[in-house]
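Please open the model in a viewer and keep the selection tool at hand. The tour below proceeds by selections, each followed by a description of what is found there.

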Amino acid sequence: MSSRNAIFSKIRTALGDVQAKADYPDYDSAVLHSKPKLEGTPSEAFSRNFTAVSGKVMNSLAELVVFLQENGQTRGYCDPRLMPEVGNALAAAGLTVETAYDRSRYEDYQFGVTRATGAIAESGSLILDDAQTSDRLAALSPWVHVGVLRESEIHRTIPDAMAALGPSRNILWATGPSKTADVEGILIEGVHGPGLQLALFV
Amino acid sequence: MIDHQLIDTYAREISEEKQTSVINGSAASTDKRYTVLFKDYENPDELRKLAAKIKDHTLHHLDRYLEQAESSLQRNGVQVHFADTGEDAKATILSILKERGISKLTKSKSMAAEEIHLNPYLIEHGIECLESDLGEFIIQLDDDVPSHIVRPIIHKNRREIARTFQREGIATDYNDDPETITRRARVFLREKYMQAEAVITGGNFISAESGRLVLVTNEGNSRFGMAPSKVHIALVGIEKLVPTDRDLAVFLNLLGRSATGQQLTVYTEFISGPKDATQPSGPEEMHVVFLNNGRTDVLESNCREILRCIRCSACQNVCPVYRQASGHAYRATYGGPVGAVLSPLLAGKEFPELADLPKASTLCGACNEVCPVDIPIPDLLLRLRDKAKREKIHSPGAPPMSPFATLATSPSLWRTAMTMSKAMNHLPIQVAPVKPLQEWLGQRTLPEWHGGDFRKWFNNRSNKSKQP
């Protein structure tokens, strides 16, 4: 018997004994909402919650330029479609901006600017969807990731964002920088992915 | 020598250093969980009751949901495999790799893979298989096994890790600063990611409706492992299904908070197939291997509620036995309260080997109180004690309960024993030649015996209250 048949047959035998099978519960996803997290407008809530998970909100291109320069992150990648809105300004400020991500030089990219297709106010998460992320690696290998976000694309709650997942093959909710507490429970940011997660509103 | 229970023996022999790491680590996680749940919700209890209902419904209709998940996954372009045993799963994974000539891969943390000992098997068959979760990476370097579901190296301290890195050439010098340790792993592992041809992951949930596989990590290791790889293989227990995408929100809200006190885990990834055509980075091929490995036996047992488990580790963190003994004391992949139930059940014919685990508990109930899917763990422990008793399995060190059972089921014997035991107040029982008694009294002073006094008082009291 194939494993598939064996498993299904064992499940059916096992369930033969279950007298009262549980019904699917009727529930309203609003029970999942965290009221304190949702206070304020979606963009206020997003900024507050994103900051609480160590994210940094950039309200203008000028602020981003200063931040990158102060942190010595002067060389990076920008999604070519975001050059007019973001990349050109970074280049004009003297930063080195590449529009093709070359995997063999992954260590060269100190920042990566990619499109965030949305965000979740309640949790402070950025949403990266495969169809609109120019390169997953460009959002992952640099120390700084800048998710470029439009205010109108912020979902208020987690269930709202879940309902709007869409057809993309891969969707990421990134809630803050990559982190670990494996060593003695001490929080360290920037394990494999970015140590700094930025959201830039355009 | 006194015959102790095996967990007890382990707890006595564990180094103070290791015990301190486990106690501090688990206590901190319990505090964080409590704080975040009660800050965010007025009544977090209703959420876990809801989660329990969704899981029970799914498990009671598992055949239907597994079939639905299979067709949803296939519709998304995922190749679906079934593995009735651990051996089947290992052979399936190896043949996927061999057929494609793959010899290098990274693996992100998966308890199912630990359960079937996938890593050593692949390495034996010539595949370079590198753990990418920081904790699991250190476990692999040390040829150790994880002692906690979420924090595999909770039993190690920074000094041991720094020595390991130096010994294994991850670093040329000794440095036990946690940040330096993490950066060194970062540099070492990203080179490996870039060379890997495949990635193996577990799976936290699969929505039967959409076939979305949900993977959560804080480090981003599964996402990094996937980005340069051509092939993604996910090993997923058949109990990991939920009916719809909407239900995922229920479990994601509970998982992060229960595990690490986070509202959501940092990297929450919804994967429904190989990468999009326009995306340069990501697997071109995706496989899901559904693993049984004894889960249907658990489903058939009177402990099926344990299959609701979402592997958050809250029960391990809160358990006084786990904290004292560490996860290794359980001698199985799953330790702590969930392990005391799940491990003996998954052991199948080897149940007697682990039948002592459910006995090593005071049934304090803390594990149930923190469980995000409301598993009645103390009840399940009792059911497994009963199973061991019926199957006449004796575990070393477990006290014989039959004299007590005889006493407790006979009111006259009980009364006599209560009164007779007053003799203890006048006898030097601490020198009685009964070793467990000597040991127990070596650390405690018994109060004066008042056996029978309550009954006398109660009878007198009810007589008085009947008087006009």
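In this tour, an angle between two elements is taken between their N-to-C directions and runs from 0 to 180 degrees, each axis being a line fitted to C-alpha atoms. The model shown is a predicted one.

**First stop: a sheet in chain A**

Select helix α5 of chain A, residues 83-92. This helix lies across β2, β3, β4, β7 and β12 (196-201) of chain A, and it runs at about 165° to β2(A).

Next, select the sheet beneath the heading of this stop. It is an open sheet of six strands in chain A, ordered β1-β12-β7-β4-β2-β3, with parallel pairing. At its edges stand β1 (56-58) and β3 (96-98) of chain A; each has a single partner strand, so one side of each is left without a neighbour in the sheet. On average, neighbouring strands of this sheet are turned by 25° against each other, direction ignored.

**Second stop: strand β4 of chain A**

Select residues 111-115 of chain A, which form strand β4. Is this strand buried or exposed? Five of its five residues are buried, so β4(A) is largely enclosed by the rest of the structure. Both of its faces are covered: Phe111(A), Val113(A) and Arg115(A) are buried on one side, and Gly112(A) and Thr114(A) on the other.

Now add the strands paired with β4(A). Strand β2 of chain A, residues 75-78, is joined to β4(A) by three bridges, and the two run parallel. Here Tyr77(A) stands opposite Gly112(A). Strand β7 of chain A, residues 144-149, pairs with β4(A) over five bridges, also in the parallel sense. In β7(A), His145(A) is the bridge partner of Gly112(A), while Gly147(A) stands opposite Thr114(A).

**Third stop: where the two chains meet**

Display both chains. In chain A, 62 residues are in contact with 73 residues of chain B. Which elements of chain A each supply at least two residues of the side that touches chain B? They are α1 (3-16), α2 (35-38), α6 (158-163), β9 (170-174) and β10 (179-180). The most is given by α1(A), with 11 residues. By class, this side of chain A has 30 nonpolar, 17 polar and 15 charged residues.

Select β9(A) together with strand β9 of chain B, residues 267-271; five bridges join these strands, which run antiparallel. One place to zoom in is Asn170(A), which stands opposite Ile271(B).

Then widen the selection to the sheet that contains both strands. Eight strands form this open sheet, in the order β8(A)-β5(A)-β6(A)-β9(A)-β9(B)-β6(B)-β5(B)-β8(B), and the pairing is mixed. The edges are β8 (154-155) of chain A and β8 (241-242) of chain B, each with a single partner strand, so one side of each is left without a neighbour in the sheet.

**Fourth stop: the nonpolar core**

The largest nonpolar core has 174 residues. Select those with the most contacts inside it: Ala119(A), Leu235(B), Phe251(B), Val289(B), Ile306(B) and Val341(B). Helix α12 of chain B, residues 245-260, contributes the largest share of this core, eight residues.

Centre the view on Val289(B). Leaving aside neighbours within four places in sequence, Val289(B) is in contact with His81(B), Ala83(B), Ala89(B), Thr92(B), Ile93(B), Ile233(B), Leu235(B) and Val236(B).

**Last stop: the domains of chain B**

Colour chain B by its domain assignment, which gives domain 1 (43-293) and domain 2 (415-461). The centres of these two domains, taken over C-alpha atoms, are separated by 55 Å.

Note on methods:
Residues are numbered from 1 along each chain as its sequence is written. Chains are lettered from A and ligands numbered from 1 in the order in which they are written. This is a predicted model: local features need pLDDT of at least 70, side-chain atom pairs count only at pLDDT 80 or more; totals for chains, interfaces and linings use all residues. Two residues are in contact if their C-beta atoms, placed from the backbone, lie within 7 Å. Helices (H or I, at least four residues) and strands (E, at least two) are DSSP runs, numbered from the N terminus. Ala, Val, Leu, Ile, Met, Phe, Trp, Tyr, Cys and Pro count as nonpolar, Asp, Glu, Lys and Arg as charged, and the others, Gly among them, as polar. Two strands pair if DSSP finds at least two bridges between them. Domain bounds come from an automatic or database domain assignment. A nonpolar core is a set of buried Ala, Val, Leu, Ile, Met, Phe, Trp, Tyr and Cys residues joined through C-beta atoms within 7 Å. A residue is buried if 20 or more other C-beta atoms lie within 10 Å of its own, exposed if 12 or fewer, and partly exposed in between; C-beta atoms are placed from the backbone.
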